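Open the model in your viewer and keep the sequence panel visible. The tour below goes from stop to stop, saying what to select and what is there.

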Amino acid sequence: MSTPPKVGSTPGTPGSTKTWEPVLPLARIRRLIKSEGDVHQVSGEASFLVSRATELFLEMLTERSASVMLSESRTQLSYKDLAQSVSEEENLEFLQDVVPMKTSAADLMDSRAAKPVEG
């Protein structure tokens, strides 16, 4: 039976003594949390966990967007890939207002012309 990974160890390396270093600045995360109004103090552990959760979320979003890119046989990740992965994944529905699918001006004009004018 293998030993469980140590807290703070690098993912995928059970028993590693190398600790995970946050990519996002913890002081900035702490400031963002405090900016919500009701929070006056933020523990180091809380800012560390928010940083790690954010990194894992961004990793998941990037992987899903990269799979969209690869399915279209391309090598450059674009906004379209992010928007498509957000629109296709039910658990990313909360991002649809932030990362909408692009619409061309011609499509908007066509849809506007197709609607009857009320009055």
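Is F57 buried, partly exposed or exposed? With a relative accessibility of 28%, F57 counts as partly exposed; buried means under 20% relative accessible area, exposed over 50%, and partly exposed in between, using a 1.4 Å probe and protein chains only.

**Before going on**

This is a predicted model, so local features need pLDDT of at least 70, side-chain atom pairs count only at pLDDT 80 or more, and totals for chains, interfaces and linings use all residues. Residues are numbered from 1 along each chain as its sequence is written, and side-chain values use heavy atoms, with hydrogens and water left out.

**Stop 1: the whole chain**

Show the protein chain as a cartoon. There are four helices and zero strands, where helices (H or I, at least four residues) and strands (E, at least two) are DSSP runs numbered from the N terminus. Read from the N terminus, the order of elements is α-α-α-α. Of the 119 residues in the protein chain, 18% are buried. Among contacts between residues at least 6 apart in sequence, 26% join residues at least 24 apart; contact means heavy atoms within 4.5 Å.

**Stop 2: the aromatic pair**

Go back to F57 and add F94 to the selection. These two form an aromatic pair of the tilted kind, with 6.2 Å from centre to centre and 40 degrees between the planes. Rings of Phe, Tyr and Trp (its six-membered ring) pair if their centres lie within 6.5 Å; planes under 30 degrees apart count as stacked, over 60 as edge-to-face and the rest as tilted. A search of the whole structure finds one such pair. F57 lies in helix α2 and F94 in the loop between α3 and α4, so the pair ties together parts that are 37 residues apart in sequence. F94 counts as exposed because its relative accessibility is 56%.

**Stop 3: where α2 meets α3**

Now select α2 (residues 44-71) and α3 (79-88). How do two packed helices get described? By the angle between their axes and the distance between the axes. Here the axes of α2 and α3 come within 8 Å and cross at roughly 105 degrees. Axes are lines fitted to C-alpha atoms, for helices over the stretch in contact, and angles run from 0 to 180 degrees between N-to-C directions. The two helices, α2 and α3, are therefore roughly perpendicular to each other. Angles under 35 degrees count as roughly parallel, over 145 as roughly antiparallel, 65 to 115 as roughly perpendicular and the rest as oblique.

Show the side chains at this meeting place. From α2 come L61, R64, S65, V68 and M69, and they meet D81, L82, Q84, S85, V86 and E88 in α3. The buried residues of α3 are D81, A83, Q84, S85 and V86, and they pack against α2.

**Stop 4: the nonpolar core**

Select M60, L61, A83, V86, L92, L95 and V99, the seven residues of the largest nonpolar core. Such a core is a set of buried Ala, Val, Leu, Ile, Met, Phe, Trp, Tyr and Cys residues joined through side-chain atoms within 4.5 Å. The elements giving two or more residues to this core are α2 and α3. Centre the view on V86: apart from neighbours within four places in sequence, V86 is in contact with L61, L92, L95, Q96 and V99.

**Stop 5: salt bridges**

The structure holds four salt bridges, each a side-chain nitrogen of Lys or Arg within 4 Å of a carboxyl oxygen of Asp or Glu. Select R64 and E89 for one of them, with the closest N and O atoms 3.1 Å apart. This pair links distant parts of the chain, since R64 is in helix α2 and E89 is in the loop between α3 and α4, 25 residues apart. R64 is partly exposed at 26% relative accessibility, and E89 is partly exposed at 28%.

Next select E72 and K80, which meet in a salt bridge of 3.1 Å, N to O. Then add D81 and R74, whose closest N and O atoms are 2.2 Å apart. Salt bridges that share partners join E72, R74, K80 and D81 into one network. In this network D81 is buried at 0% relative accessibility, whereas K80 is partly exposed at 42%.

**Stop 6: a loop residue**

Finish at D97, in the loop between α3 and α4. D97 counts as exposed because its relative accessibility is 75%. Draw a line from its C-alpha atom to that of V86: the two atoms are separated by 9.9 Å, and the residues are 11 apart along the chain.
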